[in-house]
Amino acid sequence: MALNPKLLNDGEVVVVSTRTHAKALLVPLLALVLLLAAGLAIQVLVGQEVVTRIGWVAVVVLAGRWVLWPFLEWLMGAYAFTNRRLITRTGVLVRRGHDIPLSRISDIEIELHLNDRLLGCGTLVISDASTHGRVVLPDIPRVEETKRRVHQLLHDQATEASSRHEGI
């Protein structure tokens, strides 16, 4: 999902925009395959029309919970770094958001597990000077590149702030 342009202030530009890596959809995909196999097994082994229909209704309901809902959560989630702040938006029915000005970010760390390295993603942990302390962005694609770009943003902002103070 692209970040809604209405969230941006005048002069604000999106530098990095991403969502959770598609690996988040592997378990729902496996669930879909297992549910379809179970539905076919009920249809073939039982053979009674009423039981088969009940089985397929159960498959559809469970697929909605274990397949469709995780897909919608993945699709609706968005993370963006602009030239001024970090913007996060998640949730399907209830939208949650978190905005952190770049000037409040005090540390950026990444966590790369073995499977993350194989799939080219990782967790980005943003520490800020607020009472919340940290924002965890799981399974960010190309997390090391994202971290470098955010460090560059922080450096550019610090350089800009110091040049303004020198002119006083």
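In this predicted model, Phe71 has a relative accessibility of 35% and therefore counts as partly exposed, falling between the 20% and 50% limits. Trp74, at 18% relative accessibility, counts as buried because the limit is 20%. Both residues belong to helix H2, where they sit three residues apart, or about one turn of the helix. In general, an α-helix has 3.6 residues a turn, so residues three or four places apart point the same way. Phe71 and Trp74 form an aromatic pair, with 6.0 Å centre to centre. The planes of Phe71 and Trp74 stand at 35 degrees, and the pair is classed as tilted. The count of aromatic pairs comes to one. Trp74 has a further partner to look at: Arg19 lies over the face of its ring, at 4.8 Å from the ring centre.

Helix H2, which spans residues 49–76, also receives the buried residues of helix H1, which pack against it. Helix H1 itself covers residues 26–46, a run of 21 residues. From its first C-alpha to its last, H1 reaches 30 Å, close to the 30 Å expected at 1.5 Å a residue. Its buried residues are Pro28, Ala31, Leu35 and Gly39. Seen down the axis of H1, these residues fall within an arc of 70 degrees, so they line one face of the helix. The face turned away from that buried side carries the exposed residues Leu26, Leu30, Leu34, Val44 and Leu45. Just after H1, Gly47 adopts a positive phi of about 80 degrees.

Attention now turns to the nonpolar cores. The largest nonpolar core has 17 residues, and those touching the most other members are Phe81, Ile105, Ile108, Leu124, Ile126 and Leu137. At least two residues of this core come from each of strands E2 (78–82), E5 (105–111), E6 (121–128) and E7 (134–141), and likewise from helix H4 (143–166). Helix H4 gives the most, with four residues. Ile126 offers a helpful view of these surroundings: leaving out residues up to four places away in sequence, Ile126 touches Phe81, Leu86, Ile105, Asp107, Ile108, Gly133, Arg134 and Val135. Apart from this core lies another, of five residues, including Ala31, Leu35, Val59 and Ala63. Ala31 and Leu35 are also among the buried residues of H1.

Two threonines complete the picture. Thr18 lies in strand E1, residues 14–18. With a relative accessible area of 16%, Thr18 is buried. Beyond the residues up to four places away in sequence, Thr18 touches Ala78, Tyr79, Ile140 and Pro141. Thr88 has its place in strand E3, residues 85–90, and at 8% relative accessibility Thr88 counts as buried. Leaving aside neighbours within four places in sequence, Thr88 is in contact with Ala78, Tyr79, Arg96, Gly97, His98, Asp99 and Leu137. Ala78 and Tyr79 thus appear among the contacts of Thr18 and also among those of Thr88. Leu137, another contact of Thr88, is one of the residues that touch the most other members of the largest nonpolar core. Thr88 and Leu45 are 43 residues apart along the chain, and their C-alpha atoms are separated by 48 Å.

Key:
Residues numbered from 1 in each chain as written. Predicted model: local features only at pLDDT ≥ 70, side-chain atom pairs only at ≥ 80, totals over all residues. Heavy atoms only, no water. Expected span 1.5 Å × (residues − 1). Buried < 20%, exposed > 50% of the residue type's maximum accessible area, 1.4 Å probe, protein only. Arc of directions from axis to C-beta. Contact = heavy atoms within 4.5 Å. Core = buried A, V, L, I, M, F, W, Y, C linked by side-chain atoms within 4.5 Å. Phe/Tyr/Trp six-rings, centres within 6.5 Å; stacked < 30°, edge-to-face > 60°. Lys NZ or Arg CZ within 6 Å of the ring centre and 35° of its normal.
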